[in-house]
Amino acid sequence: MRTVAVLPAYDEAETIGPVIEGTREHVDEVVVVDDGSSDGTPDVATDHGATVIEHVFNTGVGGAVRTGYRYAIRNDYDLVVQIDADGQHDPAQIPRLLEAAADADMVIASRYLNESFEEYGFVRKLGISFFTTVVNALGGVDITDVTSGFRVYRVDALADILHRSDRHWAVEQTLEAARSGQRITEVSVAMPTRETGDSQFTFETFLLYPLRMTDVVLRVLLFR
């Protein structure tokens, strides 16, 4: 099974090097999709042996991972590992996710099957719970951590669920996979809070979640 790791990155020059080094131990190729960084992230990634695809401007995580997925599809990989460049995701856990992929189309590393989610702020936990509850209700599944960005996909299944929106890509993608009958499983993986940068879960964005969730649901139910 040929395996590629996709790392979406935006101004992660301080953290991405060790993540690439750790990830390379478990996959055939590491692809960093630089999403318009201005801190030298592409150079650091190249120095650590990654294949780098550069976006001219910042599209958001959803756009970056979609570029990486298309690379995996175009180059006939069997499995895609998605892992963040900020150090929150431990590359040493990749073999466990790959093992679970033997019987699944999508493997999600869950913070809610252990106690690491308890370190997160109230608004962040509320946002994760909101999206997870909606996907479970509409998709007929029992997932604990739908927004997790540490995942493994079977490429032949991934090609059928490529998300269109750059915002809340994981929610759209997981809901589409659930509704199309793909096999989704979770593996317990601890993920500490990131030491640098800002979380996407803020009170202001939380107020927009119902509207954004409506957009995601309509996108999946009406336009797929």
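Are Tyr69 and Tyr153 buried or exposed? I shall begin with that point, noting that what we have before us is a predicted model. Both Tyr69 and Tyr153 are buried.

These two residues form one of the 3 aromatic pairs in the structure. Tyr69 and Tyr153 meet edge-to-face, with 5.3 Å from centre to centre and 65 degrees between the planes. The pair links distant parts of the chain, since Tyr69 belongs to helix 3, residues 61-74, and Tyr153 to strand 6, with their positions 84 residues apart.

Phe130 and Phe131 form another edge-to-face pair, at 5.3 Å centre to centre and with planes 65 degrees apart. Phe131 has 1% relative accessibility; because buried means under 20%, Phe131 counts as buried. Phe130, at a relative accessible area of 25%, is partly exposed.

Allow me to turn to the sheet. Strands of a sheet pair through backbone hydrogen bonds, in either the parallel or the antiparallel sense. Here, 7 strands make up an open sheet with mixed pairing, in the order 3-2-1-4-6-5-7. Its edges are strand 3 (51-55) and strand 7 (184-188), each of which pairs on one side only. From one strand to the next, the twist averages 20 degrees.

At one edge, strand 3 pairs with strand 2 (residues 29-35) in the parallel sense over 5 bridges. Val31 has Thr51 in strand 3 as its bridge partner.

Helix 7, residues 169-179, lies across strands 4, 5, 6 and 7, and runs at about 45 degrees to strand 6.

Finally, a contact involving a charge: the charged end of Arg2 sits over the ring of Tyr77, 4.1 Å from the ring centre.

Notes: Residues are numbered from 1 along each chain as its sequence is written. This is a predicted model: local features need pLDDT of at least 70, side-chain atom pairs count only at pLDDT 80 or more; totals for chains, interfaces and linings use all residues. Side-chain values use heavy atoms; hydrogens and water are left out. Two strands pair if DSSP finds at least two bridges between them. Helices (H or I, at least four residues) and strands (E, at least two) are DSSP runs, numbered from the N terminus. Axes are lines fitted to C-alpha atoms, for helices over the stretch in contact, and angles run from 0 to 180 degrees between N-to-C directions. Contact means heavy atoms within 4.5 Å. Rings of Phe, Tyr and Trp (its six-membered ring) pair if their centres lie within 6.5 Å; planes under 30 degrees apart count as stacked, over 60 as edge-to-face and the rest as tilted. Buried means under 20% relative accessible area, exposed over 50%, partly exposed in between (1.4 Å probe, protein chains only). A charge sits over a ring if NZ of Lys or CZ of Arg is within 6 Å of the ring centre and within 35 degrees of the ring normal.
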